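Let's take a walk through the aromatic side chains of this protein. Keep the model open beside you as you read.

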Amino acid sequence: MSQSTIESILQENRLFHPSPAFVEKARIKSLDEYKQLYEKAKADPQRFWADLAEQELHWFQKWDTVLDWQPPFAQWFVNGKINISYNCLDRHLTNGRRDKPALIWEGEPGDSRCLTYAQLHQEVCQFANGLKQLGIKKGDRVGIYMPMIPEAAIAMLACARIGAPHSVVFGGFSAEALRDRLIDAEAKLVITADGGWRKDAIVPLKDQVDKALADNAAPSVQNVLVVKRTAQNIHMEPGRDHWWHDLQAGVSADCPAEPMDSEDMLFILYTSGSTGKPKGVVHTTGGYNLYTHMTTQWIFDLRDEDVYWCTADVGWITGHSYIVYGPLSNGATTLMYEGAPRASNPGCFWDVIQKYRVSIFYTAPTAIRTFIKMGEQLPKARDLSSLRLLGTVGEPINPEAWMWYHRVIGGERCPIVDTWWQTETGGIMITALPGAIPTKPGSATLPFPGVLADVVDLDGNPVKPNEGGYLAITYPWPSMLRTVYGDPDRFRRTYWEHIPPKDGHYLYFAGDGARKDEDGYFWVMGRVDDVINVAGHRLGTMEVESALVSHPAVAEAAVVGKPDEVKGQEIVAFVTLEGTYSPSDELLKELKQHVVQEIGAIARPGEIRFADALPKTRSGKIMRRLLRSLAAGEEVSGDVSTLEDRSVLEKLRQRGG
Ligand code: WT7
């Protein structure tokens, strides 16, 4: 965050209450009610979750232990049998929602589709049977590399139905990034499309899959399933590749949901960390189903008549939890949009809201800041009166953007829920409940009932109000990640050892800096590790550095984040070159393109600076703090006494810009 953002957040003391009209119909109606609920949950979290699990979900067989906590390994609803696809689909066929729209899809260019619960159920069942025909069995991992089309959700639900954990890879990732993930997950099948629309161009998804699988680089993959979406020419490898529509044709729609163990793996989702390659965050079935169900219901204050739209991509956790599983488990109408705001269609989001009378809208601060730049005449020219609730996620929202969202999009009548959570937490952890908790622009407010969160020092001691510290979760929650796929040690090291456990009491270390104010409201300040957040996308500095040094011209690279008005942060890379290479504009372009090829367009450095040397400590550690200041154009302050060679800094400073 930029200094000015931090300052404005520190001075922020406005308080916004939900309107009486909103409160009247809200599920949780007052701060007192929230506090009672919170205290009750805190007094006996297991009882709290067990009661909800019993009331809200269908179980084929009840659990015998609510929580088995062998820190840092948790099991929830032990021996319970459940299927999230059953909870998202089957039970709505008999509770009056059969013909209710489950999934509304607005595609590009001008396509659209609406699937009722009965139709979605049928498609999922057929596709699940198709997967079985391909030999996919319970426990087999399936890669999903898809555009934002209904088949992405259908594929996820079909995998869940037969117990094959999915690993969705965001369609913006490169072939190399896809390959790494498929290898790590040992995926047996990849589901993709010929192409997808991104802005006004077609992304050649199938070509990327071909590249990822070339030379048998991901030997676990036996088949590729392809949805015909953009209908351009693609290669179909005989024996390996099949069309989705061929597989589905004439297949029976009778496919009972497999009773899964509550702790069976539901999915793996890769996310960036501060070291090494992305880690496979593992989520399991029962706890994840319950947690995403309850958070969707209470935080979005869901009612049957709502049209709910989350603008994330299904390739991220937000898409998993709050486009697919949470809303469908609640029997909601969830909207999926393939497009993105762009110069040729800057008002498209507002058109979608107007067209479908969207009532709940959940997006990211970076999108809001883009809209501010595009001007308020665009939303003002549409009818947004259907909106009743707004949400944000992905990074801290600066108060100016919050106020704009509130005024221009929310017409000053919609509460805003600023939701803090992570891929690892599976669901929203800190947020307002919109009818109950008054909001302060820039604060995610208070923990969800059943979540015990705090701001602590590195010894695990709570810090004083308004003092900075580390955001920690102090008790297990149902949708917590269970491990890092194939690497339990990394799981332990990354999340449970930065704050050493005391007397067997473990704190989950989120990797975010935060403070709590005198009202107990949380103000999340951003990452404290080497993770940067570019337009709400999480990237590891090491990941980008590895991509850079894999280019023959690069000797060393150091990557830092620099504040950016729209994206929150932007990538700045400092690079030293191998002997025979010298800096040039062409090389600069080539290196940027190289990162895009290695990771994807989301990782394209905003700036690359060539350097003779990087500032290092005597023990050889790159001093990122200095580079961050340089990148931000700030005076390098603080202690530089550990810097080995001061002239390095001087040279870098002179080079500037
Ligand atoms: C990181 C997690 C969880 C969905 C999207 C991102 C940052 C997320 C907020 C918020 C301040 C936020 C944190 C967190 N973050 N939401 N409301 N306020 N910061 O998931 O890719 O796993 O990233 O995003 O830094 O650690 P993710």
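**Rings in the interior**

Phe 491 is a good place to begin: its relative accessible area is 0%, so this residue is buried. Please keep in mind that you are looking at a predicted model.

Now turn to Trp 496, which at 2% relative accessibility also counts as buried, because the cut-off is under 20%. How far apart are the ring centres of Phe 491 and Trp 496? They are separated by 6.0 Å, and the planes meet at 65 degrees, so the pair is edge-to-face. An angle over 60 degrees is what earns that name.

These two rings have company. Ring pairs join Phe 491 and Trp 496 into a cluster with Trp 69, Phe 73, Trp 477, Tyr 495, Tyr 506 and Tyr 508.

If you step back to the whole structure, you will find 42 aromatic pairs. One of them is formed by Tyr 34 and Tyr 38, whose centres lie 5.8 Å apart with 35 degrees between the planes, a tilted arrangement. Both tyrosines belong to helix 3 (residues 31–43), where four residues, about one turn of the helix, set them apart. Are Tyr 34 and Tyr 38 buried or exposed? Tyr 34 is buried, with 3% relative accessible area, and Tyr 38 counts as buried too, at 12%.

Finally, have a look at two lysines that sit over rings. Lys 228 lies over the face of Trp 243, 4.7 Å from the ring centre. Lys 440 is placed over the face of Tyr 521, at 4.4 Å from the ring centre.

Methods
Residues numbered from 1 in each chain as written. Predicted model: local features only at pLDDT ≥ 70, side-chain atom pairs only at ≥ 80, totals over all residues. Heavy atoms only, no water. Phe/Tyr/Trp six-rings, centres within 6.5 Å; stacked < 30°, edge-to-face > 60°. Helix = DSSP H or I, 4+ residues; strand = E, 2+ residues; numbered from the N terminus. Buried < 20%, exposed > 50% of the residue type's maximum accessible area, 1.4 Å probe, protein only. Lys NZ or Arg CZ within 6 Å of the ring centre and 35° of its normal.
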